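Subject: Structure for your files

Hello,

Here is the structure I said I would pass on. My notes on it follow below.

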Amino acid sequence: MMHGPVPGQPDPTSAAQRETGGPLGHVLALVNRAILVLAAIALIVACGILSYSVAVRSLFHSATYWQDEAAVFLLVGATFLTAAFVQSQRGHIGIEAFTGLLPPAVNRIRLLLVDIASLAFCGFFAWKSWTLTHEAYVDGQVSNSIWSPPLAIPYALMAAGMTLLCLQIAVQIVNSFGRIKRA
């Protein structure tokens, strides 16, 4: 089930969407929208690359060595960079077994605790992704294919996406504290 409204209870996400989180929230929303457009283009390009590869192999019996990694890099970028947008909509999958049983105030606290735990995990993931990016760049690591693109590219896409996700979660945590104080 998605992190979303529960029938008969106030929708906690509609309040989160109304509260932007100040200047950082506004900038993050603009960045998320731009990334959403770029990710859609990346998905279309990945489909085109893979279709081209199939056509070239079938019609001309010619191998292409770059298409799989190019498509994977585009998909990694689209996946990780759009995570912050999905979080801003509370669109990630969550287990909501107790949501309908909890009073609204307790549910707000539960959402806050989930966001704090998510921020801790995503913060570690972002930090580790940045260290992998640095190591891959400094060591000149490349993939094991004939094309040999630098591995710093997908690592940097993961790191940037997780960093944006951390910022989005942090904005939501700040907004949650404001809602809890007002309640």
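A definition comes before the first item: a nonpolar patch is made of residues with over 30% relative accessible area and no salt bridge, with nonpolar side chains (Val, Leu, Ile, Met, Phe, Trp, Tyr) joined within 5 Å. By that rule, V37, L38, I41 and V45 form a nonpolar patch on the surface, and together they have about 360 Å² of accessible area. One of the four, L38, sits in helix α2, which covers residues 22–60. L38 counts as exposed because its relative accessibility is 57%, and the cut-off for exposed is over 50%.

Please keep in mind that this is a predicted model.

Overall content

The chain has 6 helices and 0 strands, and its pattern along the sequence is α-α-α-α-α-α. Of the 183 residues in the chain, 37% are buried. Accessible surface for the chain is about 10,600 Å², and carbon and sulfur atoms contribute 74% of that. Among contacts with a separation of 6 or more, 77% are between residues 24 or more positions apart.

Helices α3 and α5

Helix α3 runs over residues 67–81. How far apart should its end C-alpha atoms be, given 15 residues at 1.5 Å a residue? The expected span is 1.5 Å times one less than the number of residues, so α3 should span 21 Å, and its end C-alpha atoms are indeed 21 Å apart. Buried residues in α3 are Q67, E69, A70, A71, F73, V76, G77, A78, F80 and L81.

Helix α5 has 36 residues. From its first C-alpha to its last it reaches 52 Å, close to the 52 Å expected at 1.5 Å a residue. The buried residues listed for α5 include N107, R110, L111, L112 and D115, and further along the helix C122, A126, S129, T133 and A136 are buried as well. After α5 comes G140, with a positive phi near 65 degrees.

The salt bridge

The structure holds 1 salt bridge. Side chains of opposite charge can pair when their charged atoms come close. Here the pair is R90 and D115, whose side chains meet at 2.7 Å, N to O. The two partners are 25 residues apart and link distant parts of the chain: R90 is in the loop between α4 (83–88) and α5 (104–139), while D115 is in helix α5. Both R90 and D115 are buried. For R90 the relative accessibility is 3%, so R90 falls in the buried class, for which the cut-off is under 20%.

Positive phi outside glycine

R90 has a second feature to note: its phi is near 55 degrees, a positive value in a residue other than glycine. H61 is another such case, with phi near 50 degrees. H61 lies in the loop between α2 and α3. Is H61 buried or exposed? With a relative accessibility of 71%, H61 counts as exposed, whereas R90 is buried.

Cysteines

The structure holds 0 disulfides. C122 is in no disulfide, and the nearest cysteine sulfur to it, that of C166, is 5.3 Å away. C166 is likewise in no disulfide, with the sulfur of C122 as its nearest at 5.3 Å. A disulfide needs the two sulfur atoms within 2.5 Å, so the distance of 5.3 Å between C122 and C166 does not meet the cut-off. C122 is buried because its relative accessible area is 7%, and C166 is buried because its relative accessible area is 14%.

Y155 and its contacts

Y155 belongs to helix α6, residues 152–182. Its relative accessibility is 22%, so Y155 counts as partly exposed. Apart from neighbours within four places in sequence, Y155 is in contact with S129, L132, T133, A136 and Q141. Among these, S129, T133 and A136 are on the list of buried residues in α5. A126, also buried in α5, is 29 residues from Y155 in sequence, and the C-alpha atoms of Y155 and A126 are 9.9 Å apart in space.

Regards

Key. Residues are numbered from 1 along each chain as its sequence is written. This is a predicted model: local features need pLDDT of at least 70, side-chain atom pairs count only at pLDDT 80 or more; totals for chains, interfaces and linings use all residues. Side-chain values use heavy atoms; hydrogens and water are left out. Helices (H or I, at least four residues) and strands (E, at least two) are DSSP runs, numbered from the N terminus. Buried means under 20% relative accessible area, exposed over 50%, partly exposed in between (1.4 Å probe, protein chains only). Contact means heavy atoms within 4.5 Å. Accessible areas come from the Shrake-Rupley method with a 1.4 Å probe; for residues, only the protein chains shown count as cover. Patches are made of residues with over 30% relative accessible area and no salt bridge: like charges are joined within 9 Å, nonpolar side chains (Val, Leu, Ile, Met, Phe, Trp, Tyr) within 5 Å. A salt bridge is a side-chain nitrogen of Lys or Arg within 4 Å of a carboxyl oxygen of Asp or Glu.
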